[in-house]
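Q: Could you take me on a close look at one part of this model, the packing around a single core residue and the elements beside it? I'd enjoy a connected walk-through.

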Amino acid sequence: MGAFKSDPAPVAPSADSDGVDRRGFLKCMAWAGTATVWTISGGLLSSCGIQKAATQPSRTKDLYFVQISDSHIGFKGPANPDVTGTFTHAIAQVNALPHRPAFVAHTGDLTHLTQADEFDTVQQLLGTLKTPEVHTVPGEHDAVGDTNNQKYLSFFGKNSRGNGYYSFDLNGVHFLFLVNTSGVENLGVLGREQLDFVKKDLAGRSADTPLVVFSHIPLFAMYPQWGWYTHDSMEALSNMRRFSSVTCLNGHVHQLMSKTEGNITFHAATCTAYPLPHPGAPGVTVPQPVVLPAGELYGALGIREASYVVHPGTLAIKDDGLV
Ligand SMILES: [Fe+2]
Ligand SMILES: [Fe+2]
């Protein structure tokens, strides 16, 4: 539990928000004088059953949110001697944006070694974000020696299912937060339970419903030689192909890359910790943190702004380096 001073004008959750099974978010709870007291909470903003959400008519509205990724709190090495500092800087940059995001999504590798003090630090820092909600998925660094993500779930697991997946609706957009890291043996695996969840979750929804899907490891085959793909993503994606607008946002690879396959667009995000080699870099069999020349690290890190605009009905992505 932590409290943080924040800006006095946070955006209230939309009246149209009908959040379902959202978890791991931090919520603005109370006011103190002219400053807001931000309190870490695992509670629901509002909820209705998935079936109810599925049968409600879509009332899509413009929506703005932010993605951050791969903070690797606890990492120690020359590629970034102060990952807490760069993560804090990224959060300050988010808080300085001219528009308040409806939520901030962290796409995994919150910690470097799945340690309780690392989770605690990242949770405290996420609590300083000026946004009504923070959503997360775990990365493989949040599952070191922890095959069912139990440590991650103890910090960020409230109201999620299974190993941490969930979905909700906001402003007529349907969001899925999927887990493809549950320990080393499940690296790049969604698994039967989650695949069934995706199928059920999307069944009955109008094909006009915009979908935004978060995961740590890319759902597209970005570079299978390094494990930068999800073994069983095709089955999940097959349930999304009938939707007119599908955007998949991932972390893990610590660099920007986009790809479009039919109606589905994939965007890999940069990170706040350290760069990794580009796919196919000569002599690299296992990607390791890249040490940049002095002064170049911040330029390799960043945050992502995303705006869903009803007309023309697409998600616009803007990637910002740390400044
Ligand atoms: Fe990472
Ligand atoms: Fe990762």
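A: Happy to! Keep in mind that this is a predicted model. A good place to begin is Leu178, which touches Val137, Tyr165, Leu190, Gln194, Val213, Phe214 and Ser215, leaving aside residues up to four places away in sequence. Leu178 also stands out within the largest nonpolar core: of its 70 residues, Val104, Leu178 and Val213 touch the most other members. The element that gives the most to this core is helix 2 (residues 83-95), with 5 residues.

From Leu178 we can step to helix 5 by way of Gln194, one of the contacts of Leu178. Helix 5 spans residues 192-202, and its buried residues are Gln194, Phe197, Val198, Asp201 and Leu202. Viewed down the axis of helix 5, these buried residues fall within an arc of 110 degrees, so they line one face of the helix. The face turned away from that buried side carries Arg192, Glu193 and Asp196, which are exposed. Just after helix 5, Gly204 takes a positive phi of about 85 degrees.

Val104, another of the core residues that touch the most other members, leads us to the sheet. Strand 5 (residues 104-106) pairs with strand 4 (residues 63-68) in the parallel sense over 3 bridges, and Ala105 in strand 5 stands opposite Gln67. Both strands belong to an open sheet of 5 strands with mixed pairing, in the order 6-5-4-13-14. Its edges are strand 6 (134-136) and strand 14 (314-321), each pairing on one side only. From one strand to the next, the twist averages 25 degrees.

Methods
Residues numbered from 1 in each chain as written. Chains lettered and ligands numbered in written order. Predicted model: local features only at pLDDT ≥ 70, side-chain atom pairs only at ≥ 80, totals over all residues. Pairing = 2+ DSSP bridges. Helix = DSSP H or I, 4+ residues; strand = E, 2+ residues; numbered from the N terminus. Axes fitted to C-alpha atoms, helices over the stretch in contact; angles between N-to-C directions. Core = buried A, V, L, I, M, F, W, Y, C linked by C-beta atoms within 7 Å. Buried ≥ 20, exposed ≤ 12 C-beta atoms within 10 Å, placed from the backbone. Contact = placed C-beta atoms within 7 Å. Arc of directions from axis to C-beta.
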